[in-house]
Structures are given as structure tokens and as C-alpha cells.
Amino acid sequence: QVRLVQSGGGLVQAGDSLRLSCTASGRTFSGTLLDWFRQAPGKEREFVAQLTWDDYTTYYKDSVTGRFTISRDVAKNTVYLQMNNLKSEDTAVYFCGVREYASFVYDAWGQGTQVTVSS
């Protein structure tokens, strides 16, 4: 059974950078889509970024394009979310999720990590 463990996050000032990590155990990411979502207090969970593990296709929420970068380390079975020029509106709990290409059901979610950006 796949398990995702997140790390990173914290409290930073506007304009700073953070990197989130999401490492899988129990399977490799081959054949999957890796998504980052976030949920701010009182708001619904929203899509942030996606990586197709095998061909490295990426997609981003418009408001993070140019500031966030999703990437992977095959040897470490880990996906990253590099967040630069953080803004107060990026404050949220961030989650990584993994699903098969042809499925809209997520096989696993990370435990979530808090990102707080002070202005």
C-alpha cells in the first residue's frame, strides 16, 4: 500500500521561498500523476500543481505560475514543490496526492504541511 510522507513548510515572510517534499513508500511513482493541493482556513481544497511522473509534464494553478515549480527525484521517489516569492495568499495547508493516469481517485495523500506567509 502506497504511503506519502511530506516534509518542509513553515513560517516565512512575503517574498521568501520554501520547498515542500513528498516521498512515496510502498510503490514507485511510475505510471502516476502527482498533484499538490492546498487548503486555506475556511476555503475548499484547491489544485496547485501537477506532475506526470514518467514524462515530466507539468501544470500549475494560474496564480502560482512562474513562482512555483514542481519537480521530481526518481532515485528518491520524491516529488518537490519549490515555492518562490511567496505571498500571504499562499498561506494554507499543502497536500500531495498520487493517482493513476486513468483514474480520478487518489491512491494516497500526504499528511499535509502548513505554510504560513506573513506580510
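Mentor: Before we start, a polar contact is a pair of N or O atoms within 3.5 Å, where one must be able to donate a hydrogen and the other to accept it. Keep in mind that this is a predicted model.

Trainee: Thanks! With which side chain does the side chain of Asp90 make a polar contact?

Mentor: Start by finding Asp90, in the loop between β8 (78-83) and β9 (92-100). Leaving aside neighbours within four places in sequence, its contacts include Arg67, Phe68 and Asn85. The polar contact, at 2.9 Å, is made with the side chain of Arg38.

Trainee: Is Asp90 buried or exposed?

Mentor: Let's compare its value with the cut-off: buried means under 20% relative accessible area. Asp90 has a relative accessible area of 0%. That is under the cut-off, so Asp90 is buried.

Trainee: And how many residues apart are Asp90 and Arg38?

Mentor: Their side chains also meet in a salt bridge, at 2.9 Å from N to O. The pair links distant parts of the chain, with Asp90 in the loop between β8 and β9 and Arg38 in strand β4. Arg38 counts as buried too, at 4% relative accessibility. Along the sequence, the two are 52 residues apart.

Trainee: How many salt bridges does the count come to?

Mentor: The pair of Asp90 and Arg38 is one of them, and Glu46 with Lys61 is another, at 3.3 Å. By the salt-bridge rule, the count comes to six.

Trainee: Why does the pair of Arg27 and Glu100 tie together parts that lie apart in sequence?

Mentor: These two form a salt bridge, with the closest N and O atoms 2.5 Å apart. Arg27 lies in the loop between β3 (18-25) and β4 (32-39), while Glu100 is in strand β9, so the parts tied together are separated in sequence by 73 residues.

Trainee: Are Glu46 and Lys61 buried or partly exposed?

Mentor: Partly exposed covers values between the 20% and 50% cut-offs. Glu46 has a relative accessible area of 27%, and Lys61 has 24% relative accessibility. Both values fall in that range, so Glu46 and Lys61 are partly exposed.

Trainee: Which residues are linked in a network of salt bridges?

Mentor: You have already met two pairs, Asp90 with Arg38 and Glu46 with Lys61. They belong to a network that also takes in Arg67. The full set is Arg38, Glu46, Lys61, Arg67 and Asp90.

Trainee: Let's turn to the rings. What kind of pair do Phe37 and Tyr106 make?

Mentor: The structure holds five aromatic pairs. In this one, the ring centres are 6.0 Å apart and the planes are at 85°. Planes over 60 degrees apart meet the cut-off, so the pair is edge-to-face.

Trainee: What angle do the planes of Phe37 and Trp109 make?

Mentor: Phe37 is in strand β4 and Trp109 in strand β10, so this pair ties together parts 72 residues apart in sequence. The ring centres are 5.5 Å apart and the pair is edge-to-face, with the planes at 75°.

Trainee: Which residues form one aromatic cluster?

Mentor: Both pairs we discussed contribute, since Phe37 pairs with Tyr106 and with Trp109. Phe47 is in the cluster as well. Together the members are Phe37, Phe47, Tyr106 and Trp109.

Trainee: Last one! Over the face of which residue does Arg45 lie?

Mentor: There are charges over rings here, including Arg72 over the face of Trp53, at 5.5 Å from the ring centre. Arg45 is at 3.9 Å from the ring centre of Phe95. The residue you are after is Phe95.

Definitions and conventions
Residues numbered from 1 in each chain as written. Predicted model: local features only at pLDDT ≥ 70, side-chain atom pairs only at ≥ 80, totals over all residues. Heavy atoms only, no water. Helix = DSSP H or I, 4+ residues; strand = E, 2+ residues; numbered from the N terminus. Buried < 20%, exposed > 50% of the residue type's maximum accessible area, 1.4 Å probe, protein only. Contact = heavy atoms within 4.5 Å. Salt bridge = Lys/Arg side-chain N within 4 Å of Asp/Glu carboxyl O. Phe/Tyr/Trp six-rings, centres within 6.5 Å; stacked < 30°, edge-to-face > 60°. Lys NZ or Arg CZ within 6 Å of the ring centre and 35° of its normal.
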